[in-house]
Amino acid sequence: MSTTPAEIASLALSVGVATAAGLVGCFAVMRRMTLAADAISHVALPGIGVALLLRINPLAGALATLLLGALLVWALETQTRIATETIVGVVFSVALAVGSLMASGEELIDALFGGPTSLSAPELVAGLLGAAAVIVFILKAKHRLVVSLISPEVAATSGIAVARLDLFFLLAFALTVALGLRYLGALLMGSLIIIPAATARRLAKSLGAMLWLSVVVAIASTVGGIYAGQVLGRATGPLIVALAGVIFFVSLLRPSPR
Amino acid sequence: MSAASNADRRPNALEVERLSVRLGTVEVLRDLSFHVPRASSLAVIGPNGAGKTVLFRALAGSIPYAGRVSWAPGTKLGYVPQRLDLERDLPVTGRDLLRAKAAMVQASRAMVSEALARVGLDEPSTRAPIGALSGGQFQRLLIAFALVGNRNVLLLDEPAAGIDAPGQQQLNQLLVKLEQEQEMTIIFISHDLTVVSQYATNVLCLSRTYHCFGPPKTALVPEVLDRLYGMPVGFHVHNAR
């Protein structure tokens with residue numbers, strides 16, 4: 001397993017991102033954003049393409065387009081009242097097409113599936129702060145997110161600013177995707193958000209249990225995938241998602257508690 | 001329930017003047033005016049698509065509208081929706097929902113217990129996932145949820161939909177108790193004219209082309225109902241409560 005300080009720091013960031021992904025994923029699943037989650041991660045591609053052209057950090061480009069994409073989805077959703085799934089499907093499929101035109105060859109493969117990268121100290125600090133921000137937001141907004149699941153009217157009469165909460169959730173989602181791009185890539189990061197939450201949804205009997213289980217599955221998949229990658233000498237991203245998938249299918253063997 | 005004339009002497013919990021709501025290019029509600037005295041009940045009736053739920057959404061302040069919606073100072077709204085966006089098979093318990101609401105409105109654990117007691121729901125049933133509750137239990141949970149935080153006005157969108165006959169009867173008795181013993185103002189949408197005639201202080205009739213407002217004895221008459229529904233509608237009249 002990891003021995004150098006750089007590898008330990010990288011692992012710490014991966015665990016932080018997995019925790020954020022596990023928490024965000026629970027509410028994404030409950031908000032029926034399962035397919036949207038996958039599509040949202042595609043918007044990172046044009047950002048990576050532009051960043052490579054401008055010779056700046058690709059992750060900064062990805063973060064910028066992800067946050068802009070989240071803002072665009074939110075604006076379209078509140079203005080047109082079209083379902084989030086539909087808007088996300090349109091916006092992010094276009095983003096995937098544009099992104100694949102702007103990147104090519106190995107860059108595209110790395111952007112899609114993640115690749116081996118070494119972290120600079122500022123990247124590590126920014127990553128840890130980003131993961132912490134997502135975790136704190138979800139834990140603080142947990143009750144508001146639950147009440148807003150019931151109906152917009154119930155949320156409004158409970159004093160919740162629904163549109164603002166939706167925006168913050170989309171931004172937290174986009175930030176989580178950006179944080180995971182380094183080792184999972186644009187195609188696979190959505191899976192780390194959705195698969196642990198889907199597993200937890202199946203096994204848990206309460207909201208608290210779902211949040212815990214989702215985080216545990218996300219961390220176990222991440223740490224296990226990184227370890228397997230080192231042992232097998234393969235890219236870690238696909239191994240992390242494959243491991244999460246195995247845990248999900250094993251969970252199907254247990255009868256649903258509900 | 002008290003007679004409409006008694007209710008009309010109380011101060012109003014809600015005054016609505018010339019309310020209009022437009023959804024896209026369609027004007028769903030137009031120039032609607034009515035009032036609801038405190039500790040009384042208003043039934044909103046009308047055919048499907050008349051804008052009853054849209055009216056509730058406007059009253060809750062979740063959609064834009066023209067006109068005046070004026071709640072009395074100190075009004076605390078509780079809302080019981082007709083349909084939930086929430087899937088029933090989620091690992092969410094009644095306690096999860098009640099805790100979330102309590103956190104929103106700064107209600108204590110004792111206030112949550114009080115809300116449960118008011119609807120006659122025991123604590124153990126709130127520990128089960130919501131999918132394990134019967135239709136009647138779930139409706140009681142939703143009302144308890146709406147009551148948390150000392151709400152004094154309840155908006156109920158077809159509260160009896162999907163509940164069996166005994167469950168509906170218990171629900172009606174609960175609403176009467178909330179109104180009479182706890183002085184709550186209750187505004188509910190219903191398709192059951194028998195229940196409306198029996199329990200409502202006033203009735204708001206709503207269709208795209210026609211609306212009326214008054215006590216059941218003037219609103220639930222053949223000429224009004226024919227005009228409202230576009231066909232003769234009958235219902236069984238019980239003795240007054």
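In this predicted model, B:R68 is partly exposed, its relative accessible area being 32%, a value that lies between the 20% under which a residue counts as buried and the 50% over which a residue counts as exposed. The side chain of B:R68 takes part in a salt bridge with B:E17, in which the closest N and O atoms are 2.7 Å apart. This pairing joins distant parts of the chain, since B:E17 belongs to strand β1 of chain B and B:R68 to strand β4 of chain B, with their positions 51 residues apart in sequence. B:E17 is likewise assigned to the partly exposed class, because its relative accessible area is 41%.

A salt bridge is also formed between B:R68 and B:E15, with an N to O distance of 3.3 Å. Here too distant parts of the chain are linked, B:E15 lying in strand β1 (residues 12-23) and B:R68 in strand β4 (residues 66-71) of chain B, 53 residues apart. The relative accessibility of B:E15 is 30%, so this residue counts as partly exposed. In general terms, side chains of opposite charge can pair when their charged atoms come close.

Elsewhere in chain B, the side chains of B:R30 and B:E27 meet in a salt bridge with an N to O distance of 3.6 Å. The two partners fall into separate accessibility classes, as B:R30 is exposed, with a relative accessible area of 57%, whereas B:E27 is partly exposed, with a relative accessible area of 32%. Through shared partners, salt bridges connect B:E15, B:E17 and B:R68 into one network. Over all chains, a search of the whole structure finds six salt bridges.

With regard to its overall architecture, chain B contains nine helices and nine strands. The radius of gyration of chain B is 18 Å, close to the 18 Å that the globule rule gives for 241 residues, and chain B is therefore as compact as a globular protein of that length. Along the principal axes, the C-alpha trace of chain B extends over about 50 × 40 × 35 Å. Of the 241 residues in chain B, 53% are buried. When the contacts in chain B with a separation of 6 or more are considered, 70% of them are accounted for by residues 24 or more positions apart.

The secondary structure of chain A, by contrast, consists of eleven helices and zero strands, and the order of elements along the sequence accordingly reads α-α-α-α-α-α-α-α-α-α-α. Buried residues make up 49% of the 258 residues of chain A. Among the contacts in chain A with a separation of 6 or more, residues 24 or more positions apart account for 74%.

A local view of the packing in chain A is offered by A:T19, which is placed in helix α1 (residues 5-30) of that chain. The relative accessibility of A:T19 is 15%, and this residue therefore counts as buried, the threshold for that class being under 20%. When neighbours within four places in sequence are left aside, A:T19 is in contact with A:I135, A:V215 and A:I219.

The two chains meet in a contact that takes 23 residues from chain A and 26 residues from chain B. The area buried between chain A and chain B is about 2,400 Å², and carbon and sulfur atoms give 66% of this area. Three residues, A:I150, A:E153 and A:T157, supply 26% of the area that chain A buries against chain B, which is more than any other three residues supply.

One salt bridge is counted between chain A and chain B, and it is formed by A:E153 and B:R57, whose closest N and O atoms are 3.0 Å apart. In addition, five residue pairs are in polar contact between chain A and chain B, both residues of each pair being at pLDDT 80 or more. On the side of chain A that touches chain B, the elements that give two or more residues are α7 (121-150), α8 (152-157) and α10 (207-232) of chain A. The largest share of that side, six residues, comes from α7(A). In terms of residue class, the side of chain A that touches chain B comprises twelve nonpolar, five polar and six charged residues.

Terms used:
Residues numbered from 1 in each chain as written. Chains lettered and ligands numbered in written order. Heavy atoms only, no water. Contact = heavy atoms within 4.5 Å. Buried area = accessible area lost by both parts, 1.4 Å probe. Salt bridge = Lys/Arg side-chain N within 4 Å of Asp/Glu carboxyl O. Polar contact = N/O pair within 3.5 Å; in protein donor to acceptor, adjacent residues only side chain to side chain. Helix = DSSP H or I, 4+ residues; strand = E, 2+ residues; numbered from the N terminus. Nonpolar A, V, L, I, M, F, W, Y, C, P; charged D, E, K, R; others polar. Rg over C-alpha atoms; globule rule 2.2 N^0.38 Å. Buried < 20%, exposed > 50% of the residue type's maximum accessible area, 1.4 Å probe, protein only.
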